[in-house]
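Here is a short briefing to read alongside the model on your screen. Have the viewer ready, and pick out each residue as it comes up.

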Amino acid sequence: MGWHATARPARRAAYPAGFHLHERHRPQDRAETTAIPTPPTPRAARWVPRATLAVGLLATGVSTALTWRAAEMRDRLTFLHATEIELRTVEDQFRTYAALLRGGAGLFAANGDSVTLAEFRAYVGRIEFQSLYPGFLGIGFTPTMPASERERFAARAEALGVAGFHVRPPTDNPMISPVLFAEPPNPRNQAAIGYDVMSDPVRRDMVERARDTGLPAASARIQLVQEIDANKQAGFLVAMPVYAGGAVPAGVGERRRRFLGFVFGAFRANDLFNSIVAARAEEDAAFAIYDGAPSEATLLHRSARATGAVAGRLTREATLDLGGRTWTVLFEQRLSPRRASALSEVWLVGVGGLLATALLGFAAFRQRRTQDEIRRLNASLEARVEERTRDLREAADRLRQAGEERARMEEVLRQSQKMEAVGQLTGGLAHDFNNLLAGISGALELIETRIGQGRSKDVAKYIAAAQGASKRAAALTHRLLAFSRRQTLAPKAIDANRLVDGMLDLIQRTVGPGIDVRHKGADDLWPALVDPSQLENALLNLCINARDAMPDGGRIVIETYNRWIDGRQAEALDMPEGQYLSLCVSDTGTGMPPEVVARAFDPFFTTKPIGAGTGLGLSMIYGFAKQSGGQVRITSEVGAGTAVCLSLPRHRGEADADGPAPERRPMACADAGETVLVVDDEPTVRMLVTDVLSDLGYTAVEAADGAGGLRVLQSDARIDLLVTDVGLPGGMNGRQMADAARVGRPDLKVLFITGFAEAAVLGDGRLDAGMAVLTKPFAVDALAARIREMIAT
């Protein structure tokens, strides 16, 4: 235990590879070694051997005492553990037997006095009474009736299958409770048939407690009627009351009036406790159970002494409240031969400690003789260790520089991959928008040409073509916003089954007669809070994709069901754990290979020919599901079909009722003097909105940025409604302008027109009172209706 014990490993850990202590014997090293003076031995080192011996003796004494104490603590904990096992075992077994009796009581409560012996015997056989419930002598049924019914009930018992039934013993009690059934049919239980339980005060107390409380009641210590041979044991009964109608009546009077009898269990105490208490527990704690205060008259059971076990010093007393009776349990410690004695441990620690102390003392004395040699060796190694350390430091620097270079190259690679993805996205977007813009610009040029030629009858055709192309462009924009989770949603609590049923005709017409469309909806489906129009669009897109995967016909199954996502599944699916509504669309089509499934949600990725699809359908569905707080996953196998499942969070509440479809009404005109302020940095949008307002009779005021709009709002001019874009130049967006204007005009009504659901407008997803959002592009009649609605309210 010398003070060099920690210094030597540290030195050796820095030795050069292949260098060993015996290298000091090399001739070239001897001169260097002898040239180094030996450092003087510290004065404190002289006391190390004596201190080591003293500390070793002290540690041996303390360890011996702690081992003795630990052995005592182990015996106490073992004893307490064994007693707890025995107490809990008795309590648990009593509850199990009470549950068994409750099941039998249910049989008689349901069928009254019509249960036959054969039916009761079949019930006992089904519960595997003798194999599953050890220690249970018998289970039976005892009806309760006036004593005047004695003879008539004997005939009734014969009809129920009990031959030779008669009530015994004679009694003056007004009520009798003869044992009608006692199973299994052995001589002991047959001896109890016909015995009037009410004739014995102890048994009568048990019956009355069970009847008045509606709970299982245990009797005091008795000798069972079944004890018909010389091997008699103390026993007890447990009664479970049976009431007409099955349920326990509320009041005591009603319980007595509807009391039919009781199902009982008969127990021989020694057989019961010997079968249910673990033998291992009795090796450490013997016990005796008494019905009430401990005495020979109340003793129910006492553990048999195990072979070779001796009594210990520990005792414990506990009580058990079972069936309205208080049992006292006395425990005594047993020292089982299976458990090793603590004396051997104490002897081992003491003798071993003394031996170790002697060895350490000898080692300390020997250490003093080698200290000079070790110090000389350390002095010669310092230079070599320093050289090796310098080499290792230089190698570590080179490795660090290589790691930094690799990290930089990985970052460059990730950036190039990002740019490639952006290039693919913008390329696909440019391709589709160029097609749409070609249609719009071509139609407008032809309109201009036809008007110049005076051929106005062809103008309507080109106007329809331009409007169709613009609507497809708007749809493409909405799909991009859905993919990026920036679209404006109008969530409602919906019943997915009702939504699917309402779309089945449309889906069937869309996919054609060659495909069988089926809907399997769960009966107790949870509602979900989503935008119903977006969900309908997603469902229709999935069915169209399924149709395209089945050119020769097939089957589409739309299935809805409730789903619990636990923590492990949530981590795998990249979604929060909780309750979800699942909507799955599966087909019997060609399926997809894994590499296609992995890219299915990428924007503008499609396996269809050029011109047959934009490749935004599944990416839009993915964005919609994520923005709604859910997830979407694809499972597919080539040749076996595909299944796409949307998981949407459960809504805690009822689904909203479906209202009537809105009727298209003519645009409402303005009242006299109504003024609308239009703020938008896009001149074309500003011109269109002001022209619409002018056509409807409104006074329109224009502003190109937030600062100009705020000057108008802070003036005395009449402004009935503010219509503003959100993204405005000049450092002030539309929401900031509206909030600043409401300081002086607290009742100002604001309609935001925006290309997507910007966080500056929605914030946490809600708008202040008097505010609304209209998503670009919008129909003129929709704009007029929203303006009229906001001003009128």
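Ser63 is a residue of helix α3, in what is a predicted model. Its relative accessible area is 30%, and that value makes Ser63 partly exposed because it falls between the 20% limit for buried and the 50% limit for exposed. Along the chain Ser63 and Val349 are 286 residues apart, yet their C-alpha atoms are separated by 6.8 Å.

**Elsewhere in helix α3**

- Helix α3 covers residues 48–111, and Thr52 is in this helix too.
- Is Thr52 buried or exposed? With a relative accessible area of 7%, Thr52 is buried, because the cut-off for that class is under 20%.
- Thr52 also has a partner far off in sequence: Phe365 is 313 residues away along the chain, while the C-alpha to C-alpha distance is 9.8 Å.

**The chain as a whole**

- The protein chain holds 23 helices and 23 strands.
- Of its 793 residues, 41% are buried.
- Taking the contacts with a separation of 6 or more, 71% are between residues 24 or more positions apart.
- About 42,900 Å² of the protein chain is exposed, and 56% of that area comes from carbon and sulfur atoms.

**Helices α14 and α15**

- Helix α15 runs over residues 532–548, which is 17 residues, and spans 24 Å between its first and last C-alpha, close to the 24 Å expected at 1.5 Å a residue.
- Which residues of α15 are buried? They are Pro532, Gln534, Leu535, Ala538, Leu539, Asn541, Leu542, Cys543 and Ala546.
- As a reminder for reading such a list, residues three or four places apart in an α-helix point the same way, because there are 3.6 residues a turn.
- Helix α14 is made of residues 496–511, and it packs with α15 at an angle of about 35°, the two axes being 10 Å apart.
- The crossing of these two helices, α14 and α15, is right-handed.
- On the α14 side, the residues in contact are Leu499, Val500, Met503, Ile507, Thr510 and Val511. On the α15 side, they are Pro532, Leu535, Glu536, Leu539, Leu540, Cys543, Ile544 and Arg547.
- Sorted by class, this contact between α14 and α15 has eleven nonpolar residues, one polar residue and two charged residues.

**Two cis peptide bonds**

- Most peptide bonds are trans, so the next two are worth a look in your viewer.
- The bond from Arg168 to Pro169 is cis, and its omega is near -10°. Pro169 sits in the loop that links α6 (150–159) with β3 (175–176).
- Glu183 and Pro184 are likewise joined by a cis peptide bond, with omega about 0°. Pro184 belongs to the loop between β4 (181–183) and α7 (187–190).

**Asn270 and its contacts**

- Asn270 is placed in helix α10, which comprises residues 269–276.
- The relative accessible area of Asn270 is 28%, which means partly exposed, since the value is neither under 20% nor over 50%.
- What does Asn270 touch, leaving out residues up to four places away in sequence? The contacts are Gln233, Leu300, His301 and Arg302.
- Gly235 is 35 residues from Asn270 in sequence, and their C-alpha atoms are 8.2 Å apart in space.

**Asp781 in helix α23**

- Asp781 is found in helix α23, residues 780–792.
- Asp781 has a relative accessible area of 22% and is therefore partly exposed, because buried would need a value under 20%.
- The C-alpha atom of Asp781 is 9.2 Å from that of Val692, with the two positions 89 residues apart along the chain as the separation.

Key
Residues numbered from 1 in each chain as written. Predicted model: local features only at pLDDT ≥ 70, side-chain atom pairs only at ≥ 80, totals over all residues. Heavy atoms only, no water. Helix = DSSP H or I, 4+ residues; strand = E, 2+ residues; numbered from the N terminus. Expected span 1.5 Å × (residues − 1). Buried < 20%, exposed > 50% of the residue type's maximum accessible area, 1.4 Å probe, protein only. Axes fitted to C-alpha atoms, helices over the stretch in contact; angles between N-to-C directions. Left-handed = near helix turned anticlockwise from the far one by under 90°. Contact = heavy atoms within 4.5 Å. Nonpolar A, V, L, I, M, F, W, Y, C, P; charged D, E, K, R; others polar. Areas by Shrake-Rupley, 256 points an atom, 1.4 Å probe, with all protein chains shown as cover.
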